[in-house]
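Thanks for sending this one over; here are my notes, set out as numbered points. I begin with some backbone details and then move on to the rest.

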Amino acid sequence: MITAANDTVPLRVTFVGHVDHGKSTLIGRILFDAGALSTAARADLRREEDGTIDFAFAVDALREERERHITIDTTRTPFVSETRPYEIIDAPGHPEFLKNMLSGATSADTAVLIVDASLGLEEQTFRHALLLRLVGVQRILVAVNKMDLCDFDEERYRALAGETEVLLGSIGSASFATVPISARHGDNVFHRSDRTPWYEGPTILEALDVLPVEPERSHPLRFPVQDVLERDGHTLLLGRVEGGSIQPGRPVRLLPRDELARVREVRSLDGRLDGAAAGDCPAIVVDAGGLRRGDVLVDPNHLPLTVESARVTVFWMRGSVSIPTEGAIGEARVATQLVPVRIRAVNRRFESATLDEIPERDCLAETDVAEVVLDFERPIVLETHNDFPPLGRITIESSQDVLAAGIVRGGEA
Amino acid sequence: VTTDRLSRLEAESVYVIREARARFTNLALLWSIGKDSTTLLWLCRKAFFGEIPFPVVHIDTTFKFPEMYAFRDEWARRWNLDLKIARNDDALSRGVSYETHDALTCCDQLKTVALKQAIAREGYDALLVGIRRDEHGVRAKERFFSPRDDAFRWNYEDQPAELWDHYHTGREEGDHFRVHPLLGWTEIDVWRYTQREGLPVNELYFSRGGLRYRSLGCMPITKPMPSEARTIGAIVDELESTDVSERSGRAQDKEELDTMQKLRALGYM
């Protein structure tokens with residue numbers, strides 16, 4: 001059912017955890033209980049032999065997913081609760097689909113980490129928790145699922161909730177709620193269960209409904225130039241204001257060339273000319289020439305870093321590579337900048353499925369998480385992820401593939 | 001900072017549209033004349049302040065509603081579009097039509113093959129397409145930037161990673177990209193935005209004699225639904241209380257459970 005809350009910004013929630021712990025089933029259950037499935041989608045749900053419904057069919061729409069009973073790719077489904085709109089992002093739990101899990105996680109502001117009550121923490125529980133931390137998803141709800149398979153045993157729940165909290169704490173994360181559920185039967189998902197009388201906390205939906213949509217942090221002006229358009233004798237700099245605001249007449253510093261300029265004109269999409277703020281996609285005219293995609297207009301009094309080397313924590317996604325790399329391995333992307341990059345050194349290296357440190361630092365293998373030192377072919381504008389995520393997110397891509405994703409820790413000599 | 005949903009969606013789409021124009025050398029917009037791609041077209045006009053700096057392609061099966069052709073020609077003129085019409089004349093001269101062939105064959109020949117011909121002729125390396133995730137379960141799996149090989153296949157089992165808004169545009173020789181700026185919009189968002197922006201609306205979407213079209217396709221396989229909605233406001237009210245899916249009037253989707261997936265794997269939009 002769609003309500004008036006539909007005109008506000010949705011909360012984007014990704015569902016992660018080990019394969020078969022019940023991610024797709026929980027999402028299907030939420031959509032079903034919310035009345036968000038169409039008649040056709042409801043008819044499409046498969047009934048199991050014991051009469052219960054296979055809710056995973058609501059999101060696993062690919063033929064291969066249904067035949068193999070797995071989620072291959074991330075699915076994004078909108079739905080509206082009584083208080084707010086959501087975008088629900090399913091994530092595959094199989095290790096070979098980690099890039100799809102990450103694609104979902106990088107578009108979320110909140111995560112539900114699902115743990116199977118009978119199986120406990122497994123490989124992808126660790127790995128997904130670490131990857132959430134790596135891409136900056138800080139709000140995590142832990143759902144201890146399949147409580148029906150352990151007779152809604154309070155002790156089992158307490159033990160697993162504790163173990164999960166220890167895991168999250170060890171990587172610098174924490175949960176804001178832990179809920180004992182059965183996605184298949186609907187306990188504590190939308191409706192409070194009478195089979196967990198010992199549990200007094202919120203249901204999944206109650207816990208999510210009260211979360212604020214992440215507030216935008218105030219930050220000095222950051223406007224990465226996305227494209228340049230010649231129009232009516234003016235050079236329009238197209239882009240999105242990532243931080244702060246921009247008005248006609250204000251001074252800006254142009255990076256990485258390090259030059260001062262003044263804003264002549266700000267044209268908003270709706271025709272306003274008085275300025276633009278974070279999130280807006282205006283066109284800017286400045287009194288300087290020769291600008292191009294990748295240049296960044298910033299507040300002259302609050303500069304980001306302009307560096308040729310940086311310390312970065314990355315998740316390595318494709319094949320293995322020896323370190324240092326021979327020359328550039330691809331291009332590093334930060335905001336709209338693309339700069340050829342080499343990996344100079346590995347400072348620390350971890351096995352993402354176990355969180356164990358790997359002593360060998362002369363290579364990176366697929367699914368490793370590592371702190372590395374990058375050398376850029378020319379100066380690049382960035383900030384630490386802690387200071388400002390839009391300029392602290394980095395990907396490394398070859399012409400064919402995304403090789404790595406991570407966050408900036410700091411500049412490096 | 002704006003927290004209004006439509007402005008956020010607009011900004012997201014404009015960012016994606018500009019990214020496509022910046023990263024590709026021969027971009028085009030696919031305009032089906034329906035509400036979604038008309039919204040996309042409007043967003044392209046706004047992204048580049050009135051003039052769209054790339055061609056607008058209509059894949060003409062010749063089986064569209066007369067009201068759609070009239071709408072196309074009027075607004076192509078008023079918006080000064082570089083309109084290209086792509087038609088599979090070879091198939092049409094062989095007599096491919098809904099009277100003699102099944103819907104899957106017609107879609108493949110008159111849409112997919114017509115588009116392949118246009119790509120071969122014009123050398124497009126990327127196409128802006130107005131699909132939305134909420135249209136269909138399989139579409140919910142789409143990326144904003146989605147590569148297709150030279151046979152138009154969508155490799156949905158091994159899509160490239162799409163991290164934050166760092167859209168990857170690397171491709172093999174012969175591949176092209178589908179770019180989907182409206183992925184995050186719902187059907188109701190499109191109507192609310194159409195109303196907010198004062199966009200023209202094809203009369204087929206409004207109730208006539210107790211029936212209206214919710215989705216526009218080829219005339220022989222597109223059925224109207226019972227409705228009294230004669231304004232955009234009434235359409236929004238109607239959609240807020242229905243649980244029938246949007247494409248239920250499109251016959252090609254119903255022939256088989258996974259027809260949509262087959263069509264998309266073959267390169268159908």
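1. Start with the loop of chain A that runs between β18 (321–322) and β19 (330–334), where A:Pro324 is found. The peptide bond leading into this proline from A:Ile323 is cis, and its omega is near 0 degrees. Please keep in mind here, and throughout, that this is a predicted model.

2. Chain A has another cis peptide bond for you to look at, the one joining A:Leu255 and A:Pro256, with omega at about 5 degrees. A:Pro256 sits in the loop that links β12 (251–255) to β13 (259–267) of chain A.

3. While you are checking the backbone, have a look at A:Lys146. Its phi is near 60 degrees, which is positive even though the residue is not a glycine. A:Lys146 belongs to the loop between β7 (139–145) and α6 (154–170) of chain A. Its relative accessible area is 22%, so A:Lys146 counts as partly exposed, buried being under 20%.

4. Chain B offers a similar item for the list: B:Thr62, also not a glycine, has a positive phi of about 75 degrees. You will find B:Thr62 in the loop between β2 (56–59) and α3 (66–78) of chain B. With a relative accessibility of 36%, B:Thr62 is partly exposed.

5. Now for chain B as a whole. Its secondary structure consists of 8 helices and 8 strands. The globule rule gives 18 Å for 269 residues and the radius of gyration of chain B is 18 Å, so the chain is as compact as a globular protein of that length. The C-alpha trace of chain B spans about 55 × 50 × 40 Å along its principal axes.

6. The interior of chain B fits into the same discussion. Of its 269 residues, 64% are buried. If you take the contacts in chain B between residues at least 6 apart in sequence, 74% of them join residues at least 24 apart.

7. Next, the interface. How much area is buried between chain B and chain A? The value is about 5700 Å², with carbon and sulfur atoms giving 51% of it. B:Phe49, B:Lys141 and B:Trp164 together supply 15% of the area that chain B buries against chain A, which is more than any other three residues do. In terms of contacts, 56 residues of chain B meet 79 residues of chain A.

8. The polar side of this interface deserves a paragraph too. There are 5 salt bridges between chain B and chain A. One of these pairs is A:Arg333 with B:Glu19, whose closest N and O atoms are 2.9 Å apart. Counting residue pairs in polar contact, with both partners at pLDDT 80 or more, gives 22 between the two chains.

9. Finally, which elements of chain B give two or more residues to the side that touches chain A? They are α1 (5–23), α2 (35–47) and α6 (187–197) of chain B. The largest share, 12 residues, comes from α1(B). Sorted by class, the side of chain B that touches chain A has 25 charged, 20 nonpolar and 11 polar residues.

How values were computed
Residues are numbered from 1 along each chain as its sequence is written. Chains are lettered from A and ligands numbered from 1 in the order in which they are written. This is a predicted model: local features need pLDDT of at least 70, side-chain atom pairs count only at pLDDT 80 or more; totals for chains, interfaces and linings use all residues. Side-chain values use heavy atoms; hydrogens and water are left out. Contact means heavy atoms within 4.5 Å. Buried area is the accessible area (1.4 Å probe) that two parts lose on being put together, summed over both. A salt bridge is a side-chain nitrogen of Lys or Arg within 4 Å of a carboxyl oxygen of Asp or Glu. A polar contact is a pair of N or O atoms within 3.5 Å; within protein, one must be able to donate a hydrogen and the other to accept it, and residues adjacent in sequence count only if both atoms are side-chain atoms. Helices (H or I, at least four residues) and strands (E, at least two) are DSSP runs, numbered from the N terminus. Ala, Val, Leu, Ile, Met, Phe, Trp, Tyr, Cys and Pro count as nonpolar, Asp, Glu, Lys and Arg as charged, and the others, Gly among them, as polar. Buried means under 20% relative accessible area, exposed over 50%, partly exposed in between (1.4 Å probe, protein chains only). The radius of gyration is taken over C-alpha atoms; the globule rule is 2.2 Å times the number of residues to the power 0.38.
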